[in-house]
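Here are some notes to keep beside you as you look at this structure for the first time. They go point by point, so feel free to turn the view as you read.

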Amino acid sequence: MSLSVHFHGTLGRFELDVAFEAPGRGITALFGPSGCGKTSVLRCAAGLQRLNGRFALDGDVWQEGRTFRPTHKRPIGYVFQEASLFPHLSVRTNLLFGHRRTVGRGVPEHIRLDDVVDLLGLGHLLDRSPEHLSGGERQRVGVGRALLSQPRLLLMDEPLAALDRFSKEEILPYLERLHGVLSVPVLYVSHDIAEVERLADHLVLLRQGRVVAAGPMQELQADPTLPIARMPEAGVTLPAVVAGREDAYGLTLLRLDGGQLLVPGDLGPQGTARRARIAASDVSLARNPPEGSTILNALPARIVAAERQDEVQMMAVVALGEEGRGARMLARVTRKSWDALGLSPGQPVYAQVKGVALVQETM
Amino acid sequence: MSWQPIILTLELAALTTVILLIVGTPLAWWLARSGAWWKEAVATVVALPLVLPPTVLGFYLLMLLGPNGPGGWLASLWGARSMAFTFEGLVIGSVLYSMPFVVQPIRNAFEAFGDRPLEAAATLRASPLDTFFTVAVPLARRGFLTGAVLGFAHTMGEFGVVLMIGGNIPGQTKVLSVAIYDYVETLQWDEAHLLAGGMLVFSFTVILTMMMLEKRIGRGGR
């Protein structure tokens, strides 16, 4: 854990008291409904806003008691919701604005202009004015500009929220690539769970200025007591590796921790790492190995926990493998079936997976 | 007809504009960014010349700069008796009189772009001073242009204040507007026509040029 965050104070009409630790690598998502204080936490981390508390990166204290390092002395990159490019500068000079003030003053150069231009596909935009860019292009320049200031921490405040669907789809693959190559930690604010599942490794769940839960994303996703398990799109994202192919049927075999899945399409050569998203509503449970079913994937597993969600539905957590030691998945089943099959935690079951979405190529 | 009033007027207007840009810019920045509760009171004082009759302003300036005021004391430091009826006094008067015309457009321009560009610059390691010169000033360039042109043109046309604190000393305080008045008083209609017509053409040209420039800058000329 190398990012240590604790802020508290009054924000408008509610009290904010947020404390969490985050790892020194990967994307940590601050997730919660609008107005829960997630953007304020990010602004406090940047020093753009001041609440009481403490903030340290790798033991380097930026705020504590009366110590408060001003924004321009913090080695951060900040991506705003609207790209906030400087309209009086070209794309190239925008990109180099922070670079000139860091590398130009002796900070070691980890990220070069050429790398950023390649990574974010900015080559044809360099000599344009920001006013003539699309929303998605502007945001890519905003990300590049932040990266070129050689940050030790990247802060992203809903960078996709102001974009339409098409621009979002256009920019997400770039962010995913970034995730693979970036070695600095990222704090990523979002209220869109789909976005968070595609990008994040760690999750901090916020609600009304408090931390509801924090931890590795797969752990939190598979906790039926958390509010994210109550969302209609609840599910888990699991790391997976391509283990083989059934070319005759156009299927790829993916190996998960504790099981295997057949999914449609060619997902690359053996050993390719992917992220598989399995929605709770796409998983059903059976006591016996299913026969005469069109569902390809029925994985032996064990029920680990269950939580009644409402009158109709149960949310069950199953761990893959006959011993129940593998990856965890959520299954949303009706209470009627739950009772009819006499299911309870500890029992071996078969988890039938109706659908898998592949969200990401990880490194 | 003598060229002296015209040259003197141009000197006065140019010097006043330069001083106003130097003094007015930090003032406009403070008015735009500060959270002080009394800043609107300061803004009102700056705006007073807009509504006060020039003679009222001139009267107080005369008190201030005359032999019995602080200006007289200041003048005594270099052996003069008073700052009234001198070119320096005229410059001080013009700076105060034209201040709202320079400060207001610059303040508006500083307010127009909001906090975001300044925050973005800070996250990119630009110090506040760096941000001021590389982000705030370029973004407010239209306000600077408007302020400078208005300040210059307005100083060229002032009459009441000049008459009160400057009088009519050739080469010292006899500016264009006073010269025209003089010519009319002494029934030199041809000379009055020439100067007045010249002013008319000059003012028209200045305002037209400013509007065209603003349009060009507004289109995002980098």
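1. Let us begin with a single residue in a loop. A:Val103 sits in the loop between H2 and H3 of chain A. Please keep in mind that this is a predicted model. Is A:Val103 buried, partly exposed or exposed? Its relative accessibility is 22%, and buried would require a value under 20%, so A:Val103 counts as partly exposed.

2. What does A:Val103 touch, once its neighbours within four places in sequence are left aside? The contacts are with A:Glu109 and A:Gln150. A related pair to look at is A:Val103 and A:Leu148: they are 45 residues apart along the chain, and their C-alpha atoms are separated by 8.9 Å.

3. A:Leu148 also takes part in a helix pairing, as one of the H4(A) residues that meet H3(A). Helix H3 covers residues 113-120 of chain A and helix H4 covers residues 135-148 of chain A; their axes come within 10 Å and cross at roughly 150°. Angles over 145 degrees count as roughly antiparallel, which means that H3(A) is roughly antiparallel to H4(A). The crossing of these two helices, H3(A) and H4(A), is right-handed.

4. Who makes that contact? From H3(A) come A:Leu113, A:Val116 and A:Leu120, and from H4(A) come A:Arg140, A:Val143, A:Gly144, A:Leu147 and A:Leu148. Sorted by class, the contact of H3(A) with H4(A) has 6 nonpolar residues, 1 polar and 1 charged.

5. Now for chain B as a whole. How many helices and strands does chain B have? The count is 11 helices and 0 strands, so the pattern along the sequence reads α-α-α-α-α-α-α-α-α-α-α. The C-alpha trace of chain B spans about 65 × 40 × 30 Å along its principal axes. Chain B has 222 residues, of which 45% count as buried. Among its contacts with a separation of 6 or more, 71% join residues 24 or more positions apart.

6. The UniProt record, an unreviewed entry, adds some labels. It lists "domain: ABC transmembrane type-1" for residues 6-212 of chain B. In the model, that span is 77% helix and 0% strand, with its end C-alpha atoms 26 Å apart. The unreviewed entry in UniProt also lists "transmembrane region" for residues 6-29, 41-63, 83-103, 144-166 and 192-213 of chain B. Two of these are worth a look: residues 41-63 of chain B are 74% helix and 0% strand, with end C-alpha atoms 23 Å apart, while residues 192-213 of chain B are 100% helix and 0% strand, with end C-alpha atoms 31 Å apart.

7. Helix H1 of chain B, residues 4-33, is a good one to follow. Its axis and that of helix H2 (residues 39-47) of chain B come within 9 Å and cross at roughly 140°. H1(B) and H2(B) are therefore oblique to each other, and the crossing is left-handed. On the H1(B) side are B:Leu27, B:Trp30, B:Leu31 and B:Ala32, which meet B:Lys39, B:Val42, B:Ala43 and B:Val46 of H2(B). By class, this contact of H1(B) with H2(B) has 7 nonpolar residues, no polar ones and 1 charged.

8. H1(B) also packs against H8(B): their axes come within 8 Å and cross at roughly 140°. That pair, H1(B) and H8(B), is therefore oblique as well, but here the crossing is right-handed. Among the residues in contact are B:Thr9, B:Leu10 and B:Ala13 of H1(B) and B:Phe144, B:Gly151 and B:Met156 of H8(B). The contact of H1(B) with H8(B) has 9 nonpolar, 6 polar and no charged residues.

9. Which residues of helix H7 (residues 128-139) of chain B are buried? They are B:Asp130, B:Thr131, B:Phe132, B:Val135, B:Ala136 and B:Leu139. Their cover includes helix H2 (91-102) of chain A, along with H1, H5, H6 and H8 of chain B.

10. Finally, find B:Thr209 in helix H11 (residues 189-218) of chain B. With 40% relative accessibility, B:Thr209 counts as partly exposed. B:Thr209 and B:Leu124 are 85 residues apart in sequence, and their C-alpha atoms are 37 Å apart in space.

Methods: Residues are numbered from 1 along each chain as its sequence is written. Chains are lettered from A and ligands numbered from 1 in the order in which they are written. This is a predicted model: local features need pLDDT of at least 70, side-chain atom pairs count only at pLDDT 80 or more; totals for chains, interfaces and linings use all residues. Side-chain values use heavy atoms; hydrogens and water are left out. Axes are lines fitted to C-alpha atoms, for helices over the stretch in contact, and angles run from 0 to 180 degrees between N-to-C directions. Helices (H or I, at least four residues) and strands (E, at least two) are DSSP runs, numbered from the N terminus. Angles under 35 degrees count as roughly parallel, over 145 as roughly antiparallel, 65 to 115 as roughly perpendicular and the rest as oblique. A crossing is left-handed if the near helix is turned anticlockwise from the far one by less than a right angle, and right-handed if clockwise. Contact means heavy atoms within 4.5 Å. Ala, Val, Leu, Ile, Met, Phe, Trp, Tyr, Cys and Pro count as nonpolar, Asp, Glu, Lys and Arg as charged, and the others, Gly among them, as polar. UniProt positions are given in the numbering used here, feature names are shortened, and annotations may be inferred rather than shown by experiment. Buried means under 20% relative accessible area, exposed over 50%, partly exposed in between (1.4 Å probe, protein chains only).
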